[in-house]
Amino acid sequence: MKVTVVGSGVMGHGIAELAAIAGNQVWMNDVSIEILNQALEKIKWSLSKLKESGSLREDLQNILSRINLEVDQAKALKDADFVIEAVKEDLELKRKIFSNAERYASPNAVLATNTSSLPVSEIADGVRNKSRLVGIHFFNPPVLMPLVEIIKGVDTSEETVRSAINFARSLDKETIIVKDIPGFFVNRVLLRIMEGACYILERGKASVEEIDSSAIEDLGFPMGVFILADYTGLDIGYSVWKAVSSRGFKMFQCSSMERLVNQGKLGVKSGSGYYSYPAPGKFIRPNLPKTTKKLGLYLIAPAVNEIANLLSENVINKEDAEKGCVLGLGLPKGVLTYADELGIDLIVNALEEMKSNTNMDHFEPSDVLKTMLRENELGKKTGKGFFNYGTEERTFTTITIRVDPPIGWIILNRPSRYNAINSVMIKEISKGLDDLEENEKVRVVVLTGQGKTFSAGADVVEFNSLTPMKAMLASKKFHEVFMKIQFLTKPVIAAINGLALGGGLELALACDIRIASSTAEVGQPEINLGLIPGGGATQRLSRITGGRGLEIILTGRRINADEALQFGIVDKVVKPESLEDEVKKLAESVAEKSPLALASAKLAYRIGQETNIWAGTSYESSLFGLLFSTKDFEEGVRAFVERRKPKFKGE
């Protein structure tokens, strides 16, 4: 197929490179041969890097032989099967190009514009047969970014849309379909996130650094909002904002950005913007201070409202919206998922506050959000929001099992007995572990206690019926279950929400990670009864604390959470009200990784603790090599090359 790319800038030569890699004959057109040669050199450099990374199998010269440089636009367009315009955002220039394309290209050629902000339907005014013109919006850099927005103009035919989708997929790209509105989808959402950041800044709620720090820490963004604006160019963001605003897109005015652009402070390219950089074009990530301010709600609320309105207007569907956020913006999850996690009620409250403080009607919560609020569809906390979460909960005699994908919870549920562990609970924990290990929806298991106590230890009431032999067997039952936790193929986190004494602490010690409330107390008080720990503390405490744990066993004293952190008994201490959120955040972060790699890493680590370094490293090497045969490894490498988050399936 002959593909003609008009414009050889960053986007143009990237698209040309992709088309050539896919096996097409590519004609790249620009105003001078010098510009075209510069573009070709950049393509050569990019291809060499792809070859080095192992993601390119064909010989470079074969690919380059399919790229033709042509200054004469008529010759470049002659008999083309697919035309892509990638010039600057100049409406009349684009119309002229497509008028020429309609004249010289194949009668059935698809005419595609890579515009990022101008309506496709306005560009189509330059051609007679408007059904042939479609938006095919690549993201920068096209070779690495995995997403393409397909924009259907008012007159674009379904056949043209299908052809555009097939073309993008032939380049190994994911696609989303968007109706023709100013800014399309991805840029509109990005503008709304920027709007939230500007609102926080200009209302004096936080500094630039605090906002960016919160975006990274609170929402898990790969880059702060203002750092990203600097990186991509403040003039670019400003021009997109002006272009869509002139077509009816209402937005809180970002005075700080406008002021910086007028001063020539355009971000990395000029050496300064919201931050200062070593030299023009030299990016070094700014050092951000830690912040206790939770600003994520204000950053995300305008974007949630925007998407909710787009859904109601059938501009995009939910699945494509989430895909656009992850693959187009590089967010760790879709904006609608953020909304469900934060809570629809809190999103609505934030929007109403923003409307009240600015008197701007576009902050009015959408009818979609109001309906969800009215019907108690508040997100994960109610089991339904933009998505159904299928939260499953089963109550046993002594525990509750809750599946809240990707987390499986085992909740010790004897609060009137301080969640003391008896023989029934041991059996139920064992059964719960088996069920959660086999559940494909669960990638991380969390153990915690109902009420204000993790577990006060073994149920002393049962001691009265134990003979020495039965006591030994009961101890072995504890060991069996705690060993099952230690070697479970899924990571296990202990959320210590109060007292963890005796067998309760031993249960936590068997887990892989322990996070404690600042009000928690832990200890091994068995010595006070004339006993020693019977659930593994004499072994695990010595391994975890490097021998320092003996004092805790010999004295039987309780220690607070901060001292437990110093001993290494817990890995992190958090405020009581933040415990569940912190545990969820950690569990979800771990759950994003390959289940096969997680199981292998945990097993190698645990075996290494119990054997010599020669046997341990040999075992590690075997697992390391085995993982090379998995689809997860292939996905991880592909995602790394494409600079996106991988989607692991455990295959």
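## Pocket, strands and surface patch

Helix 19 gives the largest share of the lining of the second largest pocket, eight residues. The model is predicted.

**The pocket.** The second largest pocket has a volume of about 920 Å³. Its lining has 36 residues, and the closest to its centre are Ala458, Phe463, Leu466, Ala474 and Phe478. Two or more lining residues come from each of helix 18 (423–438), helix 19 (468–486) and helix 20 (503–509). Rolling a probe the size of a water molecule over the atoms shows where empty space is left.

**The surface patch.** Phe463 and Leu466, listed among the residues closest to the pocket centre, also belong to a nonpolar surface patch of about 420 Å². The other members of the patch are Val460, Leu529 and Leu531. Leu529 sits in the loop that runs between strand 16 (521–523) and helix 21 (537–545). Leu529 counts as exposed because its relative accessibility is 56%, and the cut-off for exposed is over 50%.

**The open sheet.** Strand 16 is also part of an open sheet of three strands, in the order 14-16-17, with mixed pairing. Strand 14 (499–501) and strand 17 (559–560) are the edge strands, each pairing on one side only. Strands of a sheet pair through backbone hydrogen bonds, either parallel or antiparallel. Within the pairing of strand 14 with strand 16, Ala500 has Val522 in strand 16 as its bridge partner.

**Strands 12 and 13.** Another pairing joins strand 12 (residues 444–449) to strand 13 (residues 492–496). Here Val446 stands opposite Ile493 in strand 13. Strand 13 is mostly covered, with five of its five residues buried. On one side these are Val492, Ala494 and Ile496, and on the other Ile493 and Ala495, so both faces of the strand are covered.

The two pairings are listed below.

| Strand pair | Sense | Bridges |
|---|---|---|
| Strand 14 and strand 16 | parallel | three bridges |
| Strand 12 and strand 13 | parallel | four bridges |

**A buried loop residue.** Asn422 lies in the loop between strand 11 (407–412) and helix 18. Is Asn422 buried or exposed? Asn422 is buried, because its relative accessible area is 9% and buried means under 20%. Asn422 and Asn612 are 190 residues apart along the chain, and 35 Å separates their C-alpha atoms.

Methods
Residues numbered from 1 in each chain as written. Predicted model: local features only at pLDDT ≥ 70, side-chain atom pairs only at ≥ 80, totals over all residues. Heavy atoms only, no water. Patch = residues over 30% accessible without salt bridge, like charges linked within 9 Å, V, L, I, M, F, W, Y side chains within 5 Å. Areas by Shrake-Rupley, 256 points an atom, 1.4 Å probe, with all protein chains shown as cover. Salt bridge = Lys/Arg side-chain N within 4 Å of Asp/Glu carboxyl O. Buried < 20%, exposed > 50% of the residue type's maximum accessible area, 1.4 Å probe, protein only. Pairing = 2+ DSSP bridges. 1 Å grid on protein atoms, 1.4 Å probe; cavity = no way out; pocket = protein on both sides within 12 Å on 5 of 7 lines; lining within 4 Å. Points joined across faces, edges and corners; volume = space filled by probe spheres on them.
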